[in-house]
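User: I am new to this structure and would like to be taken through its side-chain contacts and its core, one question at a time.

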Amino acid sequence: YDTEDSEAIPTIEGMTIERKDLDYKVVMEKAQQTGDDETQMYASTLQMVSPVECDLDSQHADEEIILPLFGLTAEEAVALDAEAVKSQYGFDDPTATIVLQYEGRTASMTFGSKADDESYYMMFNENKFIYRVKTESVTALTVYPNTLVSSLGILPYIDDVKTVTVEFEDKTYVYELTGEDDELKITLDGKNIDTDNFKQLYELILNPSLEAIYTGTVTSDPVVSV
């Protein structure tokens with residue numbers, strides 16, 4: 001396909017990555033966009049739904065992980081009757097399984113043991129062959145979820161704000177906004193507050209940079225919510 005031709009790029013519906021070095025599945029599904037393009041946008045065509053729900057970075061998820069799988073070329077076919085010899089190549093305990101869903105089709109890739117320092121043995125769908133594939137050709141074999149996550153914490157396009165509520169454990173602040181542009185006024189507990197100061201606070205709220213996902217269990221109450 002031609003990456004410059006948007007109509008030629010396949011529509012990706014989902015992807016699942018299972019690896020021995022991860023104690024969870026990485027599951028990505030097609031992002032559900034609203035009908036109004038101005039109210040919602042996504043960094044990637046997909047969203048991660050496991051191990052956590054979050055938006056993905058399009059360069060890492062789409063361009064570096066998924067789309068290169070189209071046109072994936074094996075170095076060689078090492079066995080033509082997989083059922084008879086697959087245990088010799090590590091398929092009784094696979095290193096990884098990647099399932100890609102696109103345009104009503106499913107592509108399933110199972111990776112056995114390492115063939116050498118640069119490649120793995122692979123079986124594709126239900127055919128009878130065992131291939132040797134370069135590791136660098138399948139980025140999903142080595143990628144970690146943290147590198148897929150969009151650093152943008154808040155993605156919706158926000159045109160009109162009526163209130164901003166910042167709630168701590170022992171105190172809640174409700175900012176009321178009226179007017180626009182030079183006529184914008186901010187009140188807190190019925191008192192006018194400095195507009196420029198509030199704008200700085202608002203920018204901080206909208207631009208948190210996400211650095212990593214947390215897969216553990218959260219047991220405490222939130223320290224702050226907005």
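The questions and answers below concern a predicted model, and they go from aromatic rings to the nonpolar core and then to charged side chains.

User: How are the rings of phenylalanine 70 and tyrosine 102 arranged, stacked or edge-to-face?

Analyst: The structure holds six aromatic pairs, and phenylalanine 70 with tyrosine 102 is one of them. A pair of aromatic rings is described by the distance of the centres and the angle of the planes. For these two rings the centres lie 4.9 Å apart and the planes stand at 85 degrees. Planes over 60 degrees apart count as edge-to-face, so the arrangement of phenylalanine 70 and tyrosine 102 is edge-to-face.

User: How many residues apart in sequence are the parts that this pair, phenylalanine 70 and tyrosine 102, ties together?

Analyst: Phenylalanine 70 belongs to the loop between helix 1 (58-66) and strand 5 (76-79), and at 23% relative accessibility it counts as partly exposed. Tyrosine 102 belongs to strand 6 (residues 96-102) and is buried, with a relative accessible area of 16%. Because one ring sits in that loop and the other in strand 6, the pair ties together parts whose separation in sequence is 32 residues.

User: Which tyrosine forms an aromatic pair with tyrosine 89?

Analyst: Tyrosine 89 lies in the loop between helix 2 (82-85) and strand 6, and its partner lies in strand 8 (residues 119-124), 32 residues apart. The two rings are edge-to-face, at 4.6 Å centre to centre and with 80 degrees between the planes. Tyrosine 89 is buried, with a relative accessible area of 17%, and the partner, also buried at 16%, is tyrosine 121.

User: Over which ring does the charged end of arginine 19 sit?

Analyst: A charge counts as sitting over a ring when, among other conditions, the charged atom is within 6 Å of the ring centre. Lysine 171 is one case, with its charged end 5.5 Å from the centre of the ring of tyrosine 173. For arginine 19, the charged end is 5.1 Å from the centre of the ring below it, which is that of tyrosine 144.

User: Which strand gives the largest share of the largest nonpolar core?

Analyst: In soluble globular proteins, nonpolar side chains tend to be buried together. Here the largest nonpolar core has 33 residues, and those with the most contacts inside it are Met15, Met28, Met48, Leu100, Phe111 and Val138. Several elements each supply at least two residues, including strand 1 (12-19), strand 2 (26-30), strand 3 (46-50) and helix 1. The largest share, four residues, comes from strand 6.

User: Which residue of helix 1 (58-66), numbered 66, is in contact with leucine 100?

Analyst: Leaving aside its neighbours within four places in sequence, leucine 100 is in contact with residues including Ile12, Gly14 and Met15. Leucine 100 also touches Leu69 and Phe70, the latter lying in the loop after helix 1. The contact at position 66 is Ile66.

User: Which residue in strand 3 stands opposite methionine 28?

Analyst: Strand 1 and strand 2 form a hairpin with six residues between them, and they pair in the antiparallel sense over four bridges. Within this pairing methionine 15 stands opposite methionine 28 in strand 2. Strand 2 is in turn joined to strand 3 by four bridges, again running antiparallel, and there the residue opposite methionine 28 is methionine 48.

User: With which residue does lysine 20 form a salt bridge?

Analyst: Side chains of opposite charge can pair when their charged atoms come close. Lysine 20, exposed at 52% relative accessibility, lies in the loop between strand 1 and strand 2, and its partner lies in the loop between helix 2 and strand 6, 73 residues apart. The closest N and O atoms are 3.0 Å apart, and the partner is aspartate 93.

User: Is glutamate 83, the salt-bridge partner of lysine 86, buried or exposed?

Analyst: The structure holds seven salt bridges, and in the one between lysine 86 and glutamate 83 the closest N and O atoms are 3.5 Å apart. Lysine 86 is partly exposed, with a relative accessible area of 26%. Exposed means over 50%, so glutamate 83, with a relative accessible area of 60%, is exposed.

Technical notes
Residues numbered from 1 in each chain as written. Predicted model: local features only at pLDDT ≥ 70, side-chain atom pairs only at ≥ 80, totals over all residues. Heavy atoms only, no water. Phe/Tyr/Trp six-rings, centres within 6.5 Å; stacked < 30°, edge-to-face > 60°. Buried < 20%, exposed > 50% of the residue type's maximum accessible area, 1.4 Å probe, protein only. Lys NZ or Arg CZ within 6 Å of the ring centre and 35° of its normal. Core = buried A, V, L, I, M, F, W, Y, C linked by side-chain atoms within 4.5 Å. Contact = heavy atoms within 4.5 Å. Pairing = 2+ DSSP bridges. Salt bridge = Lys/Arg side-chain N within 4 Å of Asp/Glu carboxyl O.
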